[in-house]
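Student: I've got a model open and I'd like to talk through the labels people put on it. Can you take my questions one at a time?

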Amino acid sequence: MADELITPDELLSKIDHRPSGTGWMDTPVEIRKGMYCYAANPKSVETLGLPNAHAWNPVDEDWKLPENWQQIISEGFRERLGKFRSFKVFMDICVRCGACADKCHFFIGTGDPKNMPVLRAELLRSVYRNDFTKVGKILGRLAGARPMTIDVLKEWWYYLFQCTECRRCSVFCPYGIDTAEITIMGRELLNLLGLNIDWIATPVSNCYKTGNHLGIQPHAFKDMLDFFVDDIEEITGVQVQPAYMEKNADILFITPSGDVFADPGTYTCMGYLILFHYLREKYGLKVTWSTYASEGGNFGFFTSHETMKRLNSKMYAEAKRLGVKWILGGECGHMWRVITQYMDTMNGPADFLEEPVNPITGTKFENAKSTKMVHIAEFTADLIKHGKLDLDPSRNDNKILTFHDSCNPSRGMGMLDEPRYVLQNVARNFYEMPANTIREQTFCCGSGSGLNAGENMELRMAGGFPRANAVKYVHEKFGVNMVACVCAIDRAALPASMSYWVPEVEVTGLHELVANALILPGEKERETDLRGEPLPGMEE
Amino acid sequence: MSTEKSLLAKKQEILKNWFEATVATYPPDTARFLKSHKDPFTNPVGETTYRSLTVLVDALMNGADRDVMTAALDPVMRIRAVQAFSPSMATGFVFSLKQIVRQHLAADSGSRNKTLAELDQRIDEMALAAFDIYMACREKIYELKATESRNQFFSSLKRAGLIADSEADGEASADGPGL
């Protein structure tokens with residue numbers, strides 16, 4: 001008997017750790033906990049009048065779809081192919097060269113081949129070929145076509161919500177295919193069946209009802225800013241006085257509501273308040289806030305074109321109502337892609353506003369000629385360039401900084417140098433991350449496009465790894481202890497990512513650093529920064 | 001040649017085989033990518049894995065202690081703890097080292113069995129350290145989830161005006177980092 005026992009060597013040699021090598025069409029989707037966000041609350045879907053609002057659970061077999069769901073998807077597909085030329089072109093022209101395959105932070109981080117952008121797009125293309133091309137209808141799988149089934153639909157849902165629409169892949173595509181646009185269309189189609197995620201649907205519903213994603217009522221919005229006013233007075237000795245819905249102010253300021261409620265964005269919000277107070281005192285510039293247009297973010301962008309348009313329109317409606325000259329936008333990510341690439345054809349032209357000119361410096365913001373909306377990093381960079389801000393960058397000397405280019409301001413609007421210019425004028429310790437992880441090639445925080453929920457933490461951490469890996473490098477090489485960014489989702493998502501991958505590094509917005517350095521008229525000698533931490537030389 | 005010396009001579013081959021066995025735990029398309037790029041920012045998973053395994057092979061041969069193994073294992077385990085691996089799959093790559101070492105150890109060496117027993121013990125130690133890190137990472141993930149949920153909950157109460165914002169009531173914790 002003893003002879004029949006397997007030896008340790010034989011036992012070890014029989015263990016095969018390799019996964020099966022089935023083709024992607026034959027690898028069934030496994031909806032794994034930690035990788036997906038909860039299903040949309042039907043009430044939120046109903047608020048917007050979007051179709052097929054219903055309760056469902058991604059891990060249940062039955063998604064409680066309408067009987068004719070395949071017809072709904074197919075007709076929706078056809079309608080969008082006709083309406084959006086780019087979508088039709090992107091369905092046809094990919095030659096599967098693979099240039100995009102390894103550029104996605106989700107593929108790199110999760111190691112799941114279906115997160116290769118080309119394969120994520122193939123999820124839709126395979127159905128497109130089957131339903132809308134002759135070769136696909138005749139040759140079927142040979143031509144890469146497959147019919148829409150419930151398993152395919154689940155695969156769509158699982159992987160289209162594992163894309164942050166960051167567009168890094170599109171930078172490398174020789175045909176310029178914007179895979180984010182394919183995800184956007186795929187999510188629109190899923191929305192026709194009521195298959196949104198709650199982290200998107202409920203903020204959109206809140207924004208539609210109360211003006212911002214968090215559902216902050218006007219009085220609560222003002223209360224929060226009042227808290228900041230008190231904190232600022234404690235730190236600087238100066239009482240700033242934000243204006244609300246001030247008719248005929250020069251500028252309407254709109255920022256993501258996350259800055260008002262979520263640390264560390266709140267410090268950036270305090271930074272805006274301090275800057276606007278300075279500009280009013282020194283130059284008489286009147287900047288107003290609005291509790292109606294109290295959201296720069298636009299999760300409608302992650303739902304459907306129509307929803308994006310509806311949420312975007314209120315910003316311009318408020319600017320018109322108040323009679324301001326133009327709009328200044330805060331440190332937000334996708335708001336800027338919506339403004340720069342979609343606003344003009346959705347709700348433009350905003351011809352009731354003036355072409356933006358900085359009244360303090362006389363600079364014309366030619367890039368915002370049509371949208372009438374200027375990014376605060378451009379605005380502040382212009383003020384610094386003309387010597388209009390009194391700055392003491394030594395107050396940020398204990399911060400060893402790097403800059404994370406947020407995907408949408410960098411790839412969506414081409415804003416690369418202005419934030420760096422501001423940063424290097426308000427702080428003195430700055431180190432870039434490696435070239436293939438910044439500027440146009442920046443890696444996503446891993447939580448954009450409405451995926452910064454708590455329940456999908458594994459996905460967020462895996463997707464955030466390429467960015468965190470570059471931060472870790474500058475932390476180890478230069479002692480970087482703070483990563484700066486110009487996006488509210490970054491500020492909400494990166495702290496968790498840093499906490500997991502590089503716990504020694506904190507996260508800051510750009511205008512938190514500006515306000516630390518900005519010398520307010522009549523201020524007392526500051527002992528702490530906006531976080532209440534001792535300034536360099538004030539430690540005891 | 002003594003067993004130790006023959007092992008040292010095969011160090012690079014052992015590392016190569018172990019790295020290949022480790023990346024083979026990923027789907028074939030992914031494994032190809034992990035092996036093909038050397039830039040640590042283009043291919044952070046592959047390169048981090050390779051760096052970790054390099055230090056671990058040294059540790060195995062030098063008889064380094066558990067702290068050294070833990071430090072070397074941390075980066076690779078931190079990655080595998082958030083990928084689509086079961087706990088045994090996430091940590092199992094360590095055991096494949098036993099088989100690889102056996103393949104490379106000179107068969108005629110007189111002290112083969114003694115050396116193998118020692119190496120097996122060190123590899124077992126390494127596997128235990130890997131499992132500890134895996135668990136610590138999973139606990140960290142759940143802590144992050146709990147912290148975000150707690151912050152959202154307190155924030156909702158705050159927005160609804162249900163929390164008195166006095167310094168004395170200790171509610172400062174409601175605004176923890178990461179919200």
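**The sheet and its helices**

Tutor: Sure. In this predicted model, chain A has an open sheet of five strands, ordered β1-β3-β2-β4-β5, with parallel pairing.

Student: What makes β1 and β5 of chain A stand at the edges?

Tutor: Count partners: β1 (243-244) and β5 (373-375) of chain A each have a single partner strand, so one side of each is left without a neighbour in the sheet.

Student: How do you know that β2 and β3 of chain A pair?

Tutor: Pairing needs at least two bridges between the strands. Strand β2 (residues 251-254) and strand β3 (residues 287-289) of chain A have two bridges, in the parallel sense. A:I251, for instance, has A:V287 in β3(A) as its bridge partner.

Student: Which helix lies across β2, β3 and β4 of chain A?

Tutor: That's α15 (residues 305-322) of chain A, running at about 150° to β2(A). Angles over 145 degrees count as roughly antiparallel, so the label for α15(A) against β2(A) is roughly antiparallel.

Student: Why are α15(A) and α16(A) called roughly perpendicular?

Tutor: The two helices pack at an angle of about 90°, with axes 10 Å apart. The window for roughly perpendicular is 65 to 115 degrees, and therefore α15(A) and α16(A) get that name.

Student: Which residues make that contact?

Tutor: A:M308, A:K309 and A:N312 come from α15(A), while A:V338, A:Y342, A:M343 and A:M346 come from α16(A). By class, the contact has five nonpolar, one polar and one charged residues.

**Between the chains**

Student: How many residues does each chain put into the contact between A and B?

Tutor: Chain B gives 38 residues and chain A gives 38 residues. On the side of chain B, the elements giving two or more residues include α3 (28-36), α4 (44-62) and α8 (112-159). α8(B) gives the most, with eight residues. Sorted by class, that side of chain B has 18 nonpolar, eleven polar and nine charged residues.

**Confidence**

Student: What does the predictor give the complex as ipTM and pTM?

Tutor: The ipTM is 0.92 and the pTM is 0.93. Chain B averages a pLDDT of 86, with 86% of the residues scoring at least 70.

Student: Where does pLDDT stay under 50 in chain B?

Tutor: Over residues 167-179, for which the model has 22 contacts beyond four places in sequence. Among the elements of chain B, α1 (residues 3-9) has the lowest mean pLDDT, 78, and α5(B) the highest, 97.

Note on methods:
Residues numbered from 1 in each chain as written. Chains lettered and ligands numbered in written order. Predicted model: local features only at pLDDT ≥ 70, side-chain atom pairs only at ≥ 80, totals over all residues. Helix = DSSP H or I, 4+ residues; strand = E, 2+ residues; numbered from the N terminus. Contact = placed C-beta atoms within 7 Å. Axes fitted to C-alpha atoms, helices over the stretch in contact; angles between N-to-C directions. Nonpolar A, V, L, I, M, F, W, Y, C, P; charged D, E, K, R; others polar. Parallel < 35°, antiparallel > 145°, perpendicular 65-115°, else oblique. pLDDT = per-residue confidence, 0-100.
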